[in-house]
Amino acid sequence: MAYNKTYNGGSYGNKRHFGTKNFGPRRNERIRAPKIRVIGADGRQLGIMTPYEALGIARKSGLDLLEVSPTADPPVCRILDYGKYMYEESKKQKSHKPGTVKVKEIKLRPGIEMNDFMTKIRNAEKFLYQGNKLKITLMMRGREMEYKEKGFEAVKRALDELAHMGRPDSEPKLMGKNIGVSLSPVPQNQRKLRYSGEHDEIAEDDSDSPEE
């Protein structure tokens, strides 16, 4: 009798459902183990019984029977609202799915004026506050390359101003005519704006601006 087939960890190939693919945990009539351990909708153990008996209990409450632990002996099934269960599982998956991390950039010059410097810092602070990674690029040209230490000083000053919001991934490095460093935001519960308000207008980052 087909109903007495034992679970072997794979698909039972129920031909009555031809034309469909049965993904995910088995439920209701798809549960084929001869005996199952049943958990009620309130979380209480209802004991070991046949799937037919358990499904009858579930149907009386307008609920479903779901196989939650197929490898147990006997398999464990739960009486629940399947639609609500799938909705909650979907929410869990979305909450654990890593979001796309954006990389914002600010560009500095060795002789940048303090007002311009603080404008860059305010934007950088907000970028990190929003959970973005940040790239700081200091651009040098001509004879400015002879005073690289001043460039490093400017970059380190920017790192100091942003220490409350981001941590450098490595030490600033000279790359051609530029000095660069990347920052990652601190954990969300540690982010506190110091130079700007949460709803202040933020300019576009500098990633597309020419380096000259």
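**Figure 1. Surroundings of E125 in helix α3 of the predicted model.** E125 belongs to helix α3, which spans residues 114-129. The residue is buried but takes part in no salt bridge. R194 provides the nearest side chain of opposite charge, at 5.7 Å; because a salt bridge requires nitrogen and carboxyl oxygen within 4 Å, this pair does not qualify. Beyond four places in sequence, E125 touches L162, H164 and M165, together with K192, L193, R194, Y195 and S196.

**Figure 2. The largest nonpolar core.** This core has 22 residues, of which L108, L134, I136, L162 and L183 touch the most other members. At least two residues come from each of β5 (103-108), α3, β6 (133-139), α4 (148-161) and β9 (178-185). Helix α3 gives the most, with six residues. In soluble globular proteins, nonpolar side chains tend to be buried together. For I136, the contacts outside its neighbours within four places in sequence are I106, L108, A158, L159, L162, I179, G180, V181 and L183. Another core, of twelve residues, lies apart from this one and includes I31, V38, A58 and L65.

**Figure 3. The four-stranded open sheet and helix α1.** The strands follow the order β2-β1-β4-β3, and their pairing is mixed. Strands β2 (45-49) and β3 form the edges, each pairing on one side only. From one strand to the next, the twist averages 30°. Strand β1 (residues 36-39) runs antiparallel to β2, and four bridges join the two. Within this pairing, I39 is placed opposite Q45 of β2. Helix α1 (residues 51-60) lies across β1, β2, β3 and β4, and its direction makes an angle of about 125° with β3.

**Figure 4. P74 in the loop between β3 and β4.** The loop that holds P74 connects β3 (64-69) with β4 (76-80). P74 has a relative accessibility of 14% and therefore counts as buried. Its C-alpha atom is separated by 5.2 Å from that of I36, although the two residues are 38 residues apart along the chain. Apart from neighbours within four places in sequence, P74 is in contact with K35, I36, R37 and I48.

**Figure 5. The salt bridge between E67 and R26.** The model contains eight salt bridges, and in this one the N to O distance is 3.6 Å. E67 lies in strand β3 and R26 in the segment before β1, so the pair ties together parts 41 residues apart in sequence. Both E67 and R26 are buried.

**Figure 6. The salt-bridge network of E29, R59 and D64.** These three residues, E29, R59 and D64, are linked through salt bridges. The side chains of R59 and D64 meet with an N to O distance of 3.7 Å. R59 counts as partly exposed because its relative accessibility is 41%, whereas D64, at 15%, counts as buried.

**Figure 7. The salt bridge between K133 and D169.** The closest N and O atoms of K133 and D169 are 2.8 Å apart. K133 lies in strand β6 and D169 in the loop between β7 (166-168) and β8 (173-175), so the pair, 36 residues apart, links distant parts of the chain. K133 is partly exposed, with a relative accessible area of 24%. D169 also counts as partly exposed, at 42% relative accessibility.

Conventions:
Residues numbered from 1 in each chain as written. Predicted model: local features only at pLDDT ≥ 70, side-chain atom pairs only at ≥ 80, totals over all residues. Heavy atoms only, no water. Buried < 20%, exposed > 50% of the residue type's maximum accessible area, 1.4 Å probe, protein only. Contact = heavy atoms within 4.5 Å. Lys, Arg positive; Asp, Glu negative; His and termini not counted. Core = buried A, V, L, I, M, F, W, Y, C linked by side-chain atoms within 4.5 Å. Pairing = 2+ DSSP bridges. Axes fitted to C-alpha atoms, helices over the stretch in contact; angles between N-to-C directions.
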